[in-house]
Amino acid sequence: MTPLLQVKGIEKRYGARIGCSDVSFDLFPGEVMGIVGESGSGKSTLLNCMAGHLEPDAGQVIFGTRADGPVDTVTMSEPERRMLSRTDWAFVHQHARDGLRMSVSAGGNIGERLMAVGDRHYGAIRDRAIDWLGRVEIEESRVDDRPSAFSGGMQQRLQIARNLVTGPRLVFMDEPTGGLDVSVQARLLDLLRGLVREMGLSAIIVTHDLAVVRLLADRLMVMKSGHVVEAGLTDQVLDDPQHAYTQLLVSSVLQV
Amino acid sequence: MYVAVKGGETAIENAHAWLAEERRGATDIDELSIAQIREQLGLAVNRVMAEGSLYDPDLAALAIKQSRGDLIEAIFLIRAYRTTLPRFGYSKPVKTDEMACDRRISATFKDAPGGQVLGPTFDYTHRLLDFKLAAEGEVPAAPTAQPRTEATPHITEFLKGEDIIQDEPASDTTPGDLTREPMEFPSNRPLRLQSLTRGDEGFVLGMAYSTQRGYARNHAFVGELRIGKVAVEMDIPELGFAIDIGEIELTECETVNQFKGSKTEPPQFTRGYGLVFGQSERKSIAMALVDRALRWEELGEDNLGAPAQDEEFVLSHADNIQATGFLEHIKLPHYVDFQSELELVRKLRREAEERMQPKEAAE
Amino acid sequence: MNEYNFAYLDEQTKRMIRRAILKALAVPGYQVPFASREMPMPYGWGTGGVQVSAATLTPEDTFKVIDQGADDTTNAVSIRKFFENTAGVKTTEETEKATVIQTRHRTPEAKLRKDQIIVYQVPIPEPLRFLEPRETETRKMHSLEEYGLMHVKLYEDISQHGAISTAYAYPVKVSDRYVMDPSPIPKFDNPKLEMDAIQLFGAGREQRIYAVPPHTKVVSLDFEDYPFEATKADHPCDLCGAEDSYLDEVIMDDAGNRMFVCSDTDYCRSRREAGHVGRLAEENAA
Ligand SMILES: [Zn+2]
């Protein structure tokens, strides 16, 4: 099987400081990769480099496009990259308001990606928006409400619906459960797990929360000071951590 | 019977005639001369020259007279006149370090070569109405002294000697011309400074004030403020060298701002710059503060989302001629647009009522 | 005003504007930046249109100016006078006889010919402006053809009002590429944008010129199930009886009685001269 995404030697520096360095891995279709580490470990920098929000100083991010096969998205033109990010890619932000249009109705938020790729039937767009509201457990009656009237958990679920409506082949998630209450987090995780399985999504999830990766990720990378210190199958890494830093991470969770 | 509104032309002519009468005011009162405006309303003349981007005190005075003292209207007259003037060439950069200063103060040093010269300032006057001015009478002559003959060095030069202020390297690149090229964003510092120096005084003041109140505060001191005359030199191709073609009055302000330094650069002061035609003190200080706020990116500072840091916002809204024209155009007839909205609202209401009807009938 | 050049602007400036116009015609619907000059009338009062007209007019031209469809509205009178003084060109109120027509807020009812040029005054040239205030961002959206947001706006209209609630300045897609603001003409005029004449759009304050060349495809944005409709008041003209013209609504008395008359004054006049009679015209003739 050919990888959906090949990350090769990604490095990003901020002046003399290392954001992330020498990160390489393959992601296969239907696979979920978790990236864990403390804040400042370089995991968000890495995610933004992969998703085209930051330009890496070195390395390649090769994506298997539908039309042309594997293409390095770092060197592709901006129009091509923006096209990718509204069709085959999706990005779920930590803060829902960064990923939603707060002054546009829930239906409009979900419909935007459909309209961006040329859907021009209002009724069909609205039906799909309502369908997706159901899938993320938001009542149909809220379709014309603005996200500003939603709770934090609902906003995050709406953001997920808005991203998944076009059936993206790769989803980047940046701390998708961050900033939510514990009970709300559990419900969201459940929902995400269901969607990942049902849609066979390929995803890269950055989080500091080991419970998130335990539940969602097939494989795991542990980052510290911009470097990957340990990688492997999620259960393996969490149950039998080899690197001292991973051991510390795992034990600190167990203590809580 | 309905008769369409006609006679626009006559109405316009009559309005103009009435306006001319109002401008003149009561005819038993002496008419203002251009010279009186130029000599006695000098700061108004300066503002019109600065924001009109044309240095000509007599024309500015004429514009003020014609506009009945509405300075934005006067600036507009000057701008419209300025567009029609042919360009013979560009002068050399004026040398403000050779300025014959009427006023020169520094808030950062108690004294410096060239001294603190208060000059003709409102500072330290008590703002009490002077009823003597309501009566006629000559003012007593002010005391005089020997003018300085040597040049007055810039205060920032002393800081530069110590390498403690950010360097502003000289460049021979010809700056863009705001009045000849369309403004595009991101812009650059020469265009920003051009836009600010002709920008509305009130707008630039408000933006500068917002930085002082914490919207991208940049801790400005007036390093130096100087007002005086400088020579304007121009290269004459036929002669092969530059000659003085005249003299203009300018106000220049350089602010000294705090800077915490970065990993690559040691802590040093930074600068903001204001340069305005005539004696335009408030404007030049405000300009320097806004200039400094707009330099956040170049100086590696954070974008705090403050209005004064937002180049596109500041430059797109600084010009009072653009602003006043667009604001006042809503006086023009819009009845075609209004009619189309009227019909739409009626239609939507009709449809909404129809949607309600069957429900009510069913109940 | 004899001390000024033909049509006020100097030749160098007119050449600069003509270059912008040619570029605009070459890339239909694309907003070409140009170094707009200060004109002796306020920004927002037609300075863009005036500059485009000044760069377009030749001494042989016949010039017509309308505002809200009428030749006798004050700003139309003022602009016509400006060109009479500075260019000395012939002026007319007859659409038929004009070679250059400057307009604000209307497209004439009469079909324009290939030897005519119509110049629209534009206040805000950017159709995406009220969705995204930043020029840097909107220019990027145009260059990448990212117009999804425009349809989000129309979607929101329908979900809120049951219909697209844009009545004027209704956005169009030109030649399958650029989304364009046709200036604040009522949407009734949108179908006329595919015409034989050259259409030029000038925005002075915003420093933009754009164009629709003759016979260019111009599509009003809509949804398949909520198609664009060029609507007008559902009445005939009370003076000339026209059923196909855009109408002004006039309040006639304190009781709020209304009458509807053609907004295009020349169209109405020529119809009445040809013997057409509306509901309230007889008394007038009597
Ligand atoms: Zn009629």
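Trainee: How does H4(A) pass H5(A), in a left-handed or a right-handed crossing?

Mentor: H4(A) passes H5(A) in a right-handed crossing. Keep in mind that we're looking at a predicted model.

Trainee: Which residues make that contact?

Mentor: On the H4(A) side you've got Ala106(A), Gly107(A), Ile110(A), Gly111(A), Leu114(A) and Met115(A). H5(A) brings Ile125(A), Arg128(A), Ala129(A), Trp132(A) and Leu133(A). Sort the residues of this contact by type and you get 8 nonpolar, 2 polar and 1 charged.

Trainee: What is the angle between H4 and H5 of chain A, and how far apart are their axes?

Mentor: Helix H4 (residues 106-116) and helix H5 (residues 122-135) of chain A pack at about 120°, and their axes are 9 Å apart.

Trainee: Why is H4(A) called oblique to H5(A)?

Mentor: Set the angle of about 120° against the classes: roughly perpendicular runs from 65 to 115, and roughly antiparallel is over 145. The angle falls in neither class, so H4(A) is oblique to H5(A).

Trainee: What makes H4(A) largely enclosed?

Mentor: Count the buried residues: 10 of the 11 in H4(A) are buried, so the helix is largely enclosed by the rest of the structure. Among them are Asn109(A), Glu112(A) and Arg113(A).

Trainee: What do the buried residues of H4(A) pack against?

Mentor: In chain A they pack against helix H2 (78-85), strand S6 (89-92), H5 and helix H6 (152-164), and from chain C helix H5 (148-161) joins in.

Trainee: Over in chain C, how do you know that Gln121(C) is buried?

Mentor: The cut-off for buried is under 20% relative accessible area. Gln121(C) has 6% relative accessibility, so it counts as buried. You'll find Gln121(C) in strand S5 (residues 117-121) of chain C.

Trainee: What makes the link between Gln121(C) and Gln102(C) a polar contact?

Mentor: The N or O atoms of a polar contact must be within 3.5 Å. The side chains of Gln121(C) and Gln102(C) are joined at 2.9 Å.

Trainee: Why is Pro213(C) called buried?

Mentor: Use that cut-off of under 20% again. Pro213(C) has a relative accessible area of 15%, so it is buried. Pro213(C) sits in the loop between strand S9 (208-212) and strand S10 (218-220) of chain C.

Trainee: Which residues does Pro213(C) touch, not counting those up to four places away in sequence?

Mentor: Pro213(C) touches Leu25(C), Pro28(C) and Ala197(C). Also, Pro213(C) and Ala24(C) are 189 residues apart in sequence, yet their C-alpha atoms are 8.9 Å apart in space.

Note on methods:
Residues numbered from 1 in each chain as written. Chains lettered and ligands numbered in written order. Predicted model: local features only at pLDDT ≥ 70, side-chain atom pairs only at ≥ 80, totals over all residues. Heavy atoms only, no water. Axes fitted to C-alpha atoms, helices over the stretch in contact; angles between N-to-C directions. Helix = DSSP H or I, 4+ residues; strand = E, 2+ residues; numbered from the N terminus. Parallel < 35°, antiparallel > 145°, perpendicular 65-115°, else oblique. Left-handed = near helix turned anticlockwise from the far one by under 90°. Contact = heavy atoms within 4.5 Å. Nonpolar A, V, L, I, M, F, W, Y, C, P; charged D, E, K, R; others polar. Buried < 20%, exposed > 50% of the residue type's maximum accessible area, 1.4 Å probe, protein only. Polar contact = N/O pair within 3.5 Å; in protein donor to acceptor, adjacent residues only side chain to side chain.
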